[in-house]
Amino acid sequence: MSSISSAQYLDAAAEQYSGSIMEFFTKLNGAATEQTFEETSAMLEKFDAFRSAIENSVRRKTAAWLRARNSFATIHKLPTELLQLILRVALFSSSGRRRPDYVAKLTVLRSVSWMWRDLIERTPSFWTQLSSRDHIDFVSDALSKSQNCALHLKYVGELGNNKPSPFLDKVFTQLDRWEHVTIQDPCRVFIEKYFISPAPRLKGLALLTRMGLILAYGLPAPPVVFGGEWAGLEELRAIRWESIHWTNLNCHKLRVLEIEGHDPLDMEKLFSVLAQNLDLRILRLHDVKFGRCTSPLPNPKPLTLKSLTDLSISHLSETVGEVVPAACRILQYVHIPTCTSFSAEINLNDTSGITPADIFRLIPRPIDIFTRAETARISSSKSPTACVHIGTRSFECEAFVKSKSDPKYQLLLRGVPPNVSVEWVRRELVNARTETTNPRIKLRGWVDGNKLKVDHLFDLQDAENVVELDLIGGNAQRVEGVGRRLETPVTSPSGALLGPFLGLKTLRLSNCAITGREILQMMNERFVRIMNPLDMAAQNTTDGTASIPTENGVTIILGEGTDRLSRSMASEIRAAPGVRELKL
């Protein structure tokens with residue numbers, strides 16, 4: 001037996017027992033030694049049926065053994081509440097919305113074991129989020145299993161398609177359970193048939209159209225969805241949905257308000273909605289064109305939204321020429337003392353009735369945003385990173401803590417001179433830093449030698465929290481004298497050497513007139529004569545040159561428009577003190 005594998009042994013046993021079974025089955029059915037073709041075919045059909053019965057029996061026995069075995073698995077010993085929490089994380093995102101592969105995951109999780117299947121089917125909240133793209137059988141099953149729980153529904157229509165919708169027919173019978181509803185691209189017939197009657201539990205409403213065609217073909221505006229009965233509404237998102245009557249909007253419990261692609265929107269009506277919803281937490285306005293707002297504002301007293309933590313405004317304009325940019329009007333009127341996430345895009349021109357300095361006084365301070373986020377434990381203790389881009393007439397600052405995908409402070413200003421931008425960076429990101437909030441600055445400048453000069457950026461050379469410097473020359477003229485500026489320190493009134501950019505970790509140069517010899521000289525000057533840290537004095541190589549730890553060095557990246565380096569020169573630069581890495 002030892003020389004025969006388990007598989008061979010099982011095959012031999014199967015052959016032996018199947019022969020005995022077939023012989024017994026033949027005798028049982030009274031098969032003669034000689035049969036006609038039809039009789040033989042009938043007998044083979046009985047053999048196939050018998051084989052299927054055996055296989056089904058084996059499957060049932062195997063399933064029973066699997067259940068017995070799986071019952072000893074650690075995960076099946078978890079408390080029911082904890083297992084429900086694990087399954088919920090697998091099915092739903094942190095925002096509470098179902099994940100894109102929700103139905104497939106639900107199917108897989110139900111098939112893991114009979115215990116999981118039973119738990120999932122006995123948990124109504126797992127079956128409450130339905131989409132018109134789900135199979136209608138799944139929708140029917142979910143409506144039954146969700147019992148009386150509130151429903152989260154998403155209807156995705158097709159523009160111009162008014163064919164009957166089995167999904168809406170099913171869920172409309174449960175109108176009293178609708179709590180969060182997303183309506184995308186409905187035809188007018190469906191609005192009037194399914195979305196007119198009030199939904200008493202309604203808390204969240206998202207109205208979306210891809211092309212804004214809800215008002216097309218000269219038809220009058222469709223009726224207000226759910227009859228305008230929005231008293232319990234907490235979330236309202238209107239994306240290119242221009243048929244909302246913002247006058248006398250019957251909702252006073254909003255926590256989230258998002259408007260995008262609206263033309264025109266009366267700013268006074270918007271301010272009226274904000275004044276009625278002082279507990280608003282998220283306000284996002286994008287691609288909105290306002291009707292001409294009277295000046296001064298009807299209520300000169302600013303509105304303070306003490307609960308607002310997220311403000312995002314971009315691509316705002318007015319139908320008539322602006323005196324004060326629409327975004328500035330909002331910042332003048334709305335005060336946000338608890339904001340922890342801020343994003344704004346503002347355009348200025350020569351006729352604007354507000355100066356760049358005035359705008360910088362209106363926007364929240366980044367240090368305050370970071371401090372509040374840290375206090376609210378939204379961010380980690382890690383220092384924030386601020387990516388600052390200064391152009392000839394533009395300024396951009398994007399700051400984040402954990403990752404670039406989750407910025408906490410975004411600001412884009414067009415029409416701002418470089419000197420004003422540099423003053424703001426020094427005031428808000430250098431001088432305002434504290435022991436607990438010390439942002440790392442990544443500074444980028446598009447230097448044209450005319451409106452934006454190297455001098456503008458080197459006004460910040462004494463800032464030790466500038467960790468990256470990215471200089472990009474103009475197409476007509478390359479940046480001159482970069483190496484000399486980076487090797488020449490500034491002496492403070494006390495006699496101490498300041499700068500240039502002593503905290504620098506990365507240096508990027510594009511379209512800059514600098515040779516390999518100048519780079520080598522610059523690095524030797526910085527790390528031998530200027531910095532020369534005391535704790536490195538004893539860290540010398542055998543030839544007496546300074547040995548700089550790798551983590552204290554600078555990564556040099558040479559982009560397009562810089563002089564090409566020979567192999568020998570590149571090797572010399574890489575071996576120079578303070579060079580962490582050279583990328584060509």
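**Exercise 1. Count the disulfides in this model, and state how enclosed Cys251 and Cys339 are.**

Solution. The count of disulfides comes to zero, where a disulfide is a pair of cysteine sulfur atoms within 2.5 Å. The structure is a predicted model, in which local features need pLDDT of at least 70 and side-chain atom pairs count only at pLDDT 80 or more, while totals for chains, interfaces and linings use all residues. Residues are numbered from 1 along each chain as its sequence is written, and side-chain values use heavy atoms, with hydrogens and water left out. For the next step, buried means under 20% relative accessible area, exposed means over 50%, and partly exposed lies in between, with a 1.4 Å probe and protein chains only. Cys251 has 1% relative accessibility and therefore counts as buried, and Cys339, with a relative accessible area of 0%, is buried as well.

**Exercise 2. Describe the protein chain as a whole, from its helices and strands to its contacts.**

Solution. Begin with the elements: the protein chain has 17 helices and 21 strands, these being DSSP runs numbered from the N terminus (helices H or I, at least four residues; strands E, at least two). Next take burial, which applies to 42% of the 584 residues in the protein chain. Finally consider contacts, meaning heavy atoms within 4.5 Å: among those between residues at least 6 apart in sequence, 68% join residues at least 24 apart.

**Exercise 3. Determine how the buried residues of helices H4, H17 and H10 are arranged.**

Solution. In H4 (residues 102-110), the buried residues are Tyr102, Leu106, Leu109 and Arg110. Seen down the axis of H4, these residues fall within an arc of 100 degrees, so they line one face of the helix; the arc is that of the directions from the helix axis to the C-beta atoms. Their cover includes helix H3 (80-91), helix H5 (114-121), strand S1 (129-131) and helix H6 (136-145).

In H17 (residues 567-575), the buried residues are Met569, Ala570 and Ile573. They cover an arc of only 100 degrees around the axis, which puts them on the same side of H17. The face turned away from that buried side carries the exposed residues Arg567 and Ala575.

For H10 (residues 326-333), seven of the eight residues are buried, so this helix is largely enclosed by the rest of the structure. Those buried residues are Ala326, Ala327, Cys328, Arg329, Ile330, Leu331 and Tyr333.

**Exercise 4. Characterise the largest pocket by its volume and its lining.**

Solution. A pocket is defined on a 1 Å grid over the protein atoms alone, as an open set of points where a 1.4 Å probe fits, with protein on both sides within 12 Å along at least five of seven lines; lining residues have an atom within 4 Å of a point. The volume of the largest pocket is about 890 Å³. Of the 29 residues that line the largest pocket, Ser95, Arg97, Thr182, Glu235 and Arg237 are the closest to its centre. At least two lining residues each come from S1, strand S2 (151-156), strand S3 (178-184), strand S4 (204-208), S5 and strand S7 (282-290). Sorted by class, the lining has ten nonpolar, ten polar and nine charged residues.

**Exercise 5. Place Ala238 and Leu278 in the structure and list their contacts.**

Solution. Ala238 lies in strand S5 (residues 235-239) and is buried, with a relative accessible area of 1%. Leaving out residues up to four places away in sequence, Ala238 touches Leu207, Ile244, Glu258, Ile259 and Glu260. Ala238 and Leu205 are 33 residues apart in sequence, and 8.4 Å apart in space from C-alpha to C-alpha.

Leu278, by contrast, sits in the loop between helix H9 (267-275) and S7, where Leu278 is partly exposed, with a relative accessible area of 43%. Apart from neighbours within four places in sequence, Leu278 is in contact with Leu303, Thr304, Leu305, Lys306 and Ser307.

**Exercise 6. Identify the backbone features at Pro264, Phe501 and Asn511.**

Solution. Most residues other than glycine have a negative phi, and most peptide bonds are trans. Asp263 and Pro264 are joined by a cis peptide bond, with omega about -10 degrees, and Pro264 belongs to strand S6 (residues 256-265). Phe501, although not a glycine, has a positive phi of about 50 degrees; Phe501 is found in the loop between strand S18 (497-498) and strand S19 (506-510), and counts as buried at 0% relative accessibility. Asn511, also not a glycine, has a positive phi of about 55 degrees. Asn511 lies in the loop between S19 and helix H16 (516-530) and is buried, with a relative accessible area of 16%.

Key: Grid points are joined across faces, edges and corners, and a volume is the space filled by probe spheres set on the points. Ala, Val, Leu, Ile, Met, Phe, Trp, Tyr, Cys and Pro count as nonpolar, Asp, Glu, Lys and Arg as charged, and the others, Gly among them, as polar.
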